[in-house]
Amino acid sequence: MVRRAGSAGKVLEVLRGADGFVSSQKICSVLGISRSAVWKQVEALRRLGWSIEGVSSQGYRISGVADSLRILEMDPGFDPIRIGRRIVVYEETSSTNDDAWQLGLEGAEEGTVVLAEMQRAGRGRRGRQWLGPARKNLYASILLRPPVPPGDAPFLTLLASVALCEALAETGPLAPQIKWPNDVLLQRKKTAGILAEMHAEQESVHFLVLGIGVNLNMTADMLPADVRYPATSVQCALGAPVDRVSFSRTLLRHLDHQYDAFLRQGPGPVREKWLRYCAHRDGLLEVETPQGTLQGWFRDIDDEGALVLEVAYGRTERIRAGDVTRLDARTGEVSEMFLKGKPPCSS
Ligand code: BTN
């Protein structure tokens, strides 16, 4: 069978799998493409920043690694079910969430991914700024069109945090944890966050943009110092830089699989994984909500992604939005309130 004239990604795969030079003839026969197609794809890879040596008697070999996400436009590196069938990569943008939102308005297909090498005006939750230095991190926004009512959509933020943990655990000896609702922690410091923005009417979601920021290769001196919660990067936690292309592929593959599981089986399997990664399971928490501050014991998350907090003995509250702090040091104080059965709400 003759394959379609090969993508640069497939040529790259052959070259990466070899120890030294690979003859042009061998690439032709492995991929079922012509010599001139091989040459064209090698040129495309060079334009993406890969250094590829070409010696007429020996063939081609990789002599330098590209640190460019552009390769993902040609080859996501996995077989996407929904997420990653179309990937758009910008060298620089203000916010990938804005770009994905615009694509959503224009009717782009579900699973379209926008990536950027640099963000000028990255946004976090509650209007906070998200740093976007060039070629250090991952800035990704995924366009979804979930067939769920708007009230269920926040669960997708939890789904994204599970995918992030799975990707981090696959990347190295890391023990990622999730701080409700959307922070992913390494060594108890924030390394990734999710900003979900929804275009919906009362009954249905038109689309949802899942914005994901991961501090990958920022060094300690580059991390934001003035945030409410200490920050870290994967490089700081691992002690070595990570390959951004391969991390992006791993993350998109996990997102794709988790989303598929959610659509086919509902929230159950994702919820179970989320609880395994949860940083404050059974912990005593303080939660700042738009309505005021609550204290209580973490009990669960529900199928809409809300936090279930036991605020007084036997009395639980469902919290849809808020910032969580663990209060282990003040355990005694709150236990007393529990015993009196007094709702510890102070707004
Ligand atoms: C948070 O923890 O507050 C969420 C941070 C989300 C940052 C990402 S980076 C890619 C996407 N584009 C944005 O402007 N924000 C999200």
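How far does a polar side-chain atom of lysine 190 lie from an oxygen atom of the ligand? The distance is 2.5 Å. The structure is a predicted model, and the values below are computed from its atoms. This briefing treats the surroundings of the ligand and then one helix, α6.

**Polar partners of the ligand**
- The ligand is surrounded by 21 residues, of which Ser95, Gln119, Arg123, Arg125 and Lys190 come nearest.
- In serine 95, a side-chain N or O atom is 2.8 Å from an oxygen atom of the ligand.
- In glutamine 119, a side-chain N or O atom is 2.9 Å from a ligand atom, in this case a nitrogen.
- The protein buries 98% of the 410 Å² that the ligand exposes when taken alone.

**Make-up of the shell**
- By residue class, the shell around the ligand holds 11 polar, six nonpolar and four charged residues.
- At least two shell residues come from each of the helix α5 (96-105) and the strands β5 (122-123), β7 (138-144), β10 (189-200) and β11 (205-214).
- Strand β10 gives the largest share of the shell, with four residues.

**Helix α6**
- Helix α6 covers residues 155-171, 17 residues in total.
- From the first C-alpha to the last, α6 reaches 25 Å, which is close to the 24 Å expected at 1.5 Å a residue.
- Of the 17 residues in α6, 14 are buried, and the helix is thus mostly covered.

Conventions
Residues numbered from 1 in each chain as written. Predicted model: local features only at pLDDT ≥ 70, side-chain atom pairs only at ≥ 80, totals over all residues. Heavy atoms only, no water. Near = heavy atom within 4 Å. Polar contact = N/O pair within 3.5 Å; in protein donor to acceptor, adjacent residues only side chain to side chain. Areas by Shrake-Rupley, 256 points an atom, 1.4 Å probe, with all protein chains shown as cover. Nonpolar A, V, L, I, M, F, W, Y, C, P; charged D, E, K, R; others polar. Expected span 1.5 Å × (residues − 1). Buried < 20%, exposed > 50% of the residue type's maximum accessible area, 1.4 Å probe, protein only.
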